[in-house]
Amino acid sequence: MPTERISYTDVLKDGTDKLNSAIDQANKAEVDSLTAINTANNATETASEANNKADFTQTQLDQVTGASTIDPAVEQMKVDDTGFAHPSPDARLRSDHQKLTSELAEIATTPKAFDAVGDGVTDDTQAFYNMVQYCNGFERVHINLGRNTYKVNKPVNDAKFPTTAGFILTSKSVKVSGDNAKVLLPDGSNFEVFWILGDAGSYTSETDYMATTHYHALNDYAEFNGVNFDFGTNSGGTGVEKAVKFRYVKNAKFNGIVYGSNGNGVNFEQCNNIEFDGMVERHSQYGVFAYMCRAGKISGLIDGDGIGNRAYIIKHGYNGEIFSDIKITNITIKGVKDYGINSGDTLESGSAVNVTNHEKVRGVEVSHAKIYIPSGGFATTALRLGQYTNGWKIHDIDFIATDDLPIAGNVMDVFGTLADSAQGASGDRIGNHDIRNIRFWNINATGGAIMMVRSLATIRGIKFINCKGSCLYYPITAYSDGSKTAPMMDIDDLEFINCTVVDDVRDSLIFSDGLDVSIGSVKFINTIMAAPNSYLIFPKGNTKVEVNRLVVDGLSGNVTYAVFLNGLPNQILNINEIRAKNMTVTASSLQLIRSDSKEVNLSNVSADFTGNTSTNRNILYGTANTTKVKDQGGHNVVNETAFFFLTADIAALGINSTKRTFYRNSVPIAGTYQNGDRIINSEPYQGQPKGWVCVTSGSPGVWVSEGTL
């Protein structure tokens, strides 16, 4: 408040009071002024200190961001999240900023923004074309089709692209989404609806497009999610129709439905990380076609409805480009005529092919699948690991026949070898496949083979249920250069349940014409012998056959010969354990082992022939070719006619045996036995011998009672 001035009319007392008040206010103003000066000085000092610190920090930052080599921490700052090392941390920061800015610059649009109607009746082709041309001006696009139904046809494109191309999207990142949106195509439209294409700007002609020089010019990302394609009526003709073709894309995904294509469902060509989780129904050619891709996952349903030829095909290509690390899992295949899953066999033709240095189709995993065998079987095979395949993992798959008609080809063909020695390095003829937990249901293989193995593979946990004919077949394969390859059979944990032998030799349940055979455990449960000469296991061209455990529980039929295991000349048979019971089969000869092999090593046979009326019931039937038998003992045999039935003299055979014990109700009248062999009476009662001992080796030898009960 201002001090009141002294009036001329004021008395001395009033003037003095006003004068003193003015002096007090002047003194206060002086104090406030000094305080303000001190505050200002302090602020100046603080600002100066902050400025000095900022200068120091900037100096340090300049030293770091401009540095090329200061210390390991700075070196690490140069490496971005993709693993690329920039020249300096500053260069990395600028790159990250540019990348982030680009990622944020996504445009979103819909066909209706370009005057599409989306009622499923109006032709929205031009609106789609205008939308795509607009989107191609941006690096990142999101097209939302909503819950609409769009009817489109083939647009007119630049002549530098193939005439089959539809709507071509070339942005670095493309996302097409919908809420169960539909794209309708007229019958016979015969074009590929969407192309997601990398580096389209570098093409000058269709010929240039088809070249492989742009393989590494990949777009970043492309996704179709919640979009369904309906090509209308498909009577089984062949054409080029496809819903989406991904080409040169780093991350390509499809989740939707494709119906009625007279070509393929979805193509992935020369992509990196692919993902399919959808359905393709009533297609003509391939459900999913993957070519020269690296990494990814394929799931879903392929239903050819009796029209579709193939469900999945996976192929390799040029100059060592590898198809690898693909997982095909949680899938169902049905109604497909030719192939279920096929890796392809041949290299692509043309000057770019370099066969000698070609890499294999490797690291593919197929698992948790149900593949339904169509009427009469696939024209070729349900699952084929073709030539050039290597290191596949096949597990947890059910192959299920839909009728009892004989299949025309094979259900599963494990190839994995090269065509001839000119097409690979020396010895490069193995598949190294790992096959486990496979089940074959109700398959009639009288016209083919259920599982054919032509390359090295580890096979574990395979079941054949209600199957007929050749179940597991190892053939020898001849090549155009005159050479041959013969895979080694390495199998364990096999089961044949309610299966039928329907023809001689090749249609034995297990047939091998390859190299050595190694069988861990194999079980035959309730097997029917229906061929005149019925074999469970027939190793034909092998040099060494090893069976660790052979179990037969239930064997029926009326045949001439019923044989568990057949041995041929020049083979060595090693049988560690046999368990056999419930054998009601009627045969002239029921032989656990029928051997022409030069050497047989046998132990731990437990066989109960009780109730069997076959004329000859032998553990081992051998010919003059069998020059050595080594019997390790540990047997428990009931009601056989002869343990050994050997055509040659026992001394000449060089039998090396421990003392054996048999269970019979009488001494043998045929077969070959050795001094010290013992028979325990299997039907003992008072006044009868408790057993017999062989005192002179021979056929059947001389037997003496051990005394009466």
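**Figure 1. A network of salt bridges links Glu192, Lys242, Lys245, Arg247 and Glu269.** This close-up comes from a predicted model, in which a search of the whole structure finds 18 salt bridges. Two of the pairs that involve residues of this network are taken up one by one in the next two legends.

**Figure 2. Lys242 and Glu192 meet through their side chains in a salt bridge, with 2.8 Å from N to O.** The pair links distant parts of the chain, since Lys242 belongs to strand S9 (residues 242–247) and Glu192 to strand S7 (residues 192–197), with their positions 50 residues apart in sequence. Lys242 is buried, and Glu192 is buried as well.

**Figure 3. A salt bridge joins the side chains of Lys245 and Glu269, at 3.9 Å from N to O.** Lys245 is found in strand S9 and Glu269 in strand S11 (residues 266–269), so this salt bridge ties together parts that are 24 residues apart in sequence. Lys245 has a relative accessibility of 8% and therefore counts as buried, and Glu269, at 7% relative accessibility, counts as buried too. The cut-off behind both assignments is a relative accessible area under 20%.

**Figure 4. Asp434 and Arg436 form a salt bridge between their side chains, 2.6 Å from N to O.** Asp434 counts as partly exposed because its relative accessibility is 24%, and Arg436, with a relative accessible area of 34%, is likewise partly exposed. Both assignments rest on the range that lies between buried, under 20%, and exposed, over 50%. As general background to this view and to the two before it, side chains of opposite charge can pair when their charged atoms come close.

**Figure 5. Val183 is placed in strand S6 (residues 173–184).** With a relative accessible area of 0%, Val183 is buried. When its neighbours within four places in sequence are left aside, Val183 is in contact with Leu145, Tyr150 and Val152, and also with Val227, Asn228, Phe229 and Asp230. The view can also be used to follow the separation between Val183 and Asn148, which are 35 residues apart in sequence and whose C-alpha atoms lie 8.6 Å apart in space.

Terms used:
Residues are numbered from 1 along each chain as its sequence is written. This is a predicted model: local features need pLDDT of at least 70, side-chain atom pairs count only at pLDDT 80 or more; totals for chains, interfaces and linings use all residues. Side-chain values use heavy atoms; hydrogens and water are left out. A salt bridge is a side-chain nitrogen of Lys or Arg within 4 Å of a carboxyl oxygen of Asp or Glu. Helices (H or I, at least four residues) and strands (E, at least two) are DSSP runs, numbered from the N terminus. Buried means under 20% relative accessible area, exposed over 50%, partly exposed in between (1.4 Å probe, protein chains only). Contact means heavy atoms within 4.5 Å.
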